[in-house]
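Colleague: I should like to take a close look at a single part of this model, together with the elements around it. Would you please explain it in a connected way, suitable for a first-year student?

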Amino acid sequence: MNPSSRPASSSTRTAASPNPRPQVQVNTHTKVLDTTHGRILCIADIRGRLSGLNDLAREANAKAIIHTGDFGFFENNSLDRINDRTLRHLTMYSPLIPSPQRTHLLAPENTPQAIRATVDISLLSEFPLLLSGQLKLSVPVFTVWGACEDVVILEKFRAGIYNIDNLHVLDEATTRCLDVGGVKLRLLGLGGAVVPHKMFDNGDGSATIAGGQGTMWTTALQIGELVDTAQRVFDPTETRLLVTHASPGREGIIAQLALVLKADLTISAGLHFRYTSSYNEFSVQSDLDGFRHKLVAGKEAFDKVWDSVKQQVETVIDEHQRVLLDKALSVVERVPNAQGPEEPSWKNCWNWNLCDAAFGSLVLDIKDGRISEESKSQGFNYAYRRTATPSNVAPTPNSTTSSLPNATSHPPTKGSTPVQAEKPLSPHPKEVKSPIAPVVSGKETPKEPSPSTPAPPKSNGSGTSAPSSDKAERDKEKRKEKKGRKDRERAEGKNETKEKEVSTPEDKAELAVTAPSPAPAAPSSAAAPEPKSGKATPEVPVTDAREGMKSPTTDSTGTRTPTSKRPQRHPWTLFVKLPQQLTDADVRTFFGGEAAGVTKVTFPPNRGSPHLHARPFVYVEFGDAETMKAGLEKHNEKMGDGTVSVQIAMDREERSDRGGARRGLRGRGGRGSGFAARGFADAGLTRNTPRTNGETRDGTAAAA
């Protein structure tokens, strides 16, 4: 770990630092995109196909791009620094290599030397074109580096040797502020993969950047310097966005870093997902302890490495690195106290984990100080299921219809004729001929088949089936099946007739619970016996036909609930008489708009205009008893030249019951059995309670 000075800053202001060390300026500046409205495209893993950045920005109408790593920082001499394993990985995932060529390169017989001899830089990255000016970026691109990059190129960007128009590399010492859509968006970036055992290894990098052999990783000093940079540019008027290659959802130390940086938003690379993940910790953790568990796991992984290298590191670092190391250690110790106040980021920090650029993208639409999201994804492909071969499912015995594919219970054997899918399936399993039925010779007497087994085809003596006799057998089998089905239906019909003759509910209960089912009378067609054909029609006991119709044994008296073709009315419904023609929207507005809790407005059928209803009354449904009770207060309010009458709606039986009660009679179900009584009770009202205007709560005149 060699000390290194920071590059000169492009900032126009001096950032104060609490550290007792030589002051240096932070490499930062503010870029104004659009103070009214702007869209920022967020993508991951472009993998060297840099010309696609302009296409994606144009499709999304984006003013800038944020990229989360695996950008494709490779040049011609980078191939010599990439090891064989990384080169094979880059070849496998490069979008610049045609699929047939990739398959050939990755064939098992191809050695690493053969791949290295075939692959050139044009198959891995278009970065040389960007560096030479042949390719230009149409919008500003802000990126961190990923897990597969050339560390030498990133060192050149850090030293100012490489400078590409519209390309901004976010590192631990470089930050940018975007002024867009009424939001000052502060971008803080951390590149590289999180590999715990390499946190104190720089590889071929200098200062805080680490990498080698075509890969790059995050270091403890890199984290410490990012914290220092964020503290020195802190502005409470800015919205902080942390851009990382590693996901804070999986890496506890990255989640701890977001807490220390006071990040409002985080965006990370996609782990090759097919969709963008959008979440905050409160939405995916059962409680704060679940969030703490992830942070503690990250801390423990870091501590194992730190304990093993602590003495060695402390003997080689200088004063400047000591400050950065202390800040990194403060990140690791940042675990919310279970007994302390609730961590604000637990509910306030939002995270996006992106899918690969080849699969989709995220757009942050910023306007009037609000940041909204739009995500697009290629998604999972389920089209293959439309051509999937159905599994072999045996048909259900005695079933007439089935939504499942009908298949034989035996696999087809060699020489058997497969059943054509285009032919309609028989509705009865009896009529399905087995594809492996043996051929019976003419000298043998056929055995008596069971009623559920189809008769084997007869032979004509030459080894082939006789078509005429086979057809006759099938026709005979169909007639017997049809006859048996009619017999069963006739028996069931007589049982239903006997049940209808029971006059009282008590008799029905006694029949259903205690009395055995009477044997049905023999059908008239069975009075004269037919000549036996050798295939007797099986008798179906009546008890079997009614078995599925019996009610379970309970303490019920057997009384059945009266049924009605008309559905039960909503319990919180008001009957409203209107003095003039109104529309659905007019009625809702009369009761107070959306806040009134009106869920449905029903006009009686009208053959006139579908918009204006001539009949002067309407049914209004409410979401609960309280809103219905508030709606009752609209009774007798003025509308135009008349007033509106509001009552709790009643069923037809309830209205008849009210009339019968005045004559000392009771309707079906007794008084108060309809939905109106429930509506009164739910609203805390009772019948005939006087209103202040001299009417009862149910809209009828109070008794004098």
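Modeller: R47 lies in the loop between β2 and α1, in a model that is predicted. Its phi is positive, about 55 degrees, although R47 is not a glycine. Most residues other than glycine have a negative phi. R47 has a relative accessibility of 13%, and it therefore counts as buried, the cut-off being under 20%.

D45 is found in the loop between β2 and α1 (51-60) as well. D45 too is not a glycine and has a positive phi of about 55 degrees. Because its relative accessibility is 6%, D45 counts as buried.

Let us now turn to the strand β2 and its partner. Strand β2 covers residues 37-43 and is joined to β14 by 6 bridges, the two strands running antiparallel. One can locate this pairing by a single pair of residues: I40 has L364 in β14 as its bridge partner. In general, strands of a sheet pair through backbone hydrogen bonds, either parallel or antiparallel.

How many residues of strand β14 are buried? Strand β14 comprises residues 360-367, and 7 of these 8 residues are buried, so the strand is largely enclosed by the rest of the structure. Besides β2, strand β14 pairs with β15, in the antiparallel sense and over 8 bridges. Within this pairing, V363 stands opposite E374 in β15. The strands β14 and β15 form a hairpin with 2 residues between them, and in this hairpin D368 takes a positive phi near 55 degrees.

These strands belong to a wider arrangement. An open sheet is formed by 6 strands, in the order β5-β4-β3-β2-β14-β15, and its pairing is mixed. At its edges are β5 (167-169) and β15, each of which pairs on one side only. On average, neighbouring strands of this sheet are turned by 20 degrees against each other, direction ignored. As an example of parallel pairing, strand β3 (residues 64-67) and strand β4 (residues 141-143) are joined by 3 bridges. There, I65 stands opposite V141 in β4.

Beyond the edge strand β15, the chain enters a loop between β15 (370-377) and α13 (467-500), and Y384 is found in this loop. Y384 also takes part in a nonpolar surface patch of about 470 Å², which it makes together with Y275, F380 and Y382.

For a further example of strand pairing, one may consider strand β10. Strand β10 (residues 239-244) is mostly covered, as 5 of its 6 residues are buried. Strand β7 (residues 183-190) pairs with β10 in the parallel sense over 6 bridges, and L190 has T244 in β10 as its bridge partner. Strand β10 also pairs with strand β11 (residues 265-268), again in the parallel sense, over 4 bridges. In that pairing, V243 stands opposite I267 in β11. Finally, helix α8 (residues 252-260) combines with β10 and β11 in a right-handed β-α-β unit.

To return to the loop of the opening, R47 and D45 both count as buried. Each has a positive phi of about 55 degrees, as stated for R47 and for D45.

Definitions and conventions. Residues numbered from 1 in each chain as written. Predicted model: local features only at pLDDT ≥ 70, side-chain atom pairs only at ≥ 80, totals over all residues. Heavy atoms only, no water. Buried < 20%, exposed > 50% of the residue type's maximum accessible area, 1.4 Å probe, protein only. Pairing = 2+ DSSP bridges. Right-handed = clockwise from strand over helix to strand, strands pointing away. Patch = residues over 30% accessible without salt bridge, like charges linked within 9 Å, V, L, I, M, F, W, Y side chains within 5 Å. Areas by Shrake-Rupley, 256 points an atom, 1.4 Å probe, with all protein chains shown as cover. Salt bridge = Lys/Arg side-chain N within 4 Å of Asp/Glu carboxyl O. Axes fitted to C-alpha atoms, helices over the stretch in contact; angles between N-to-C directions.
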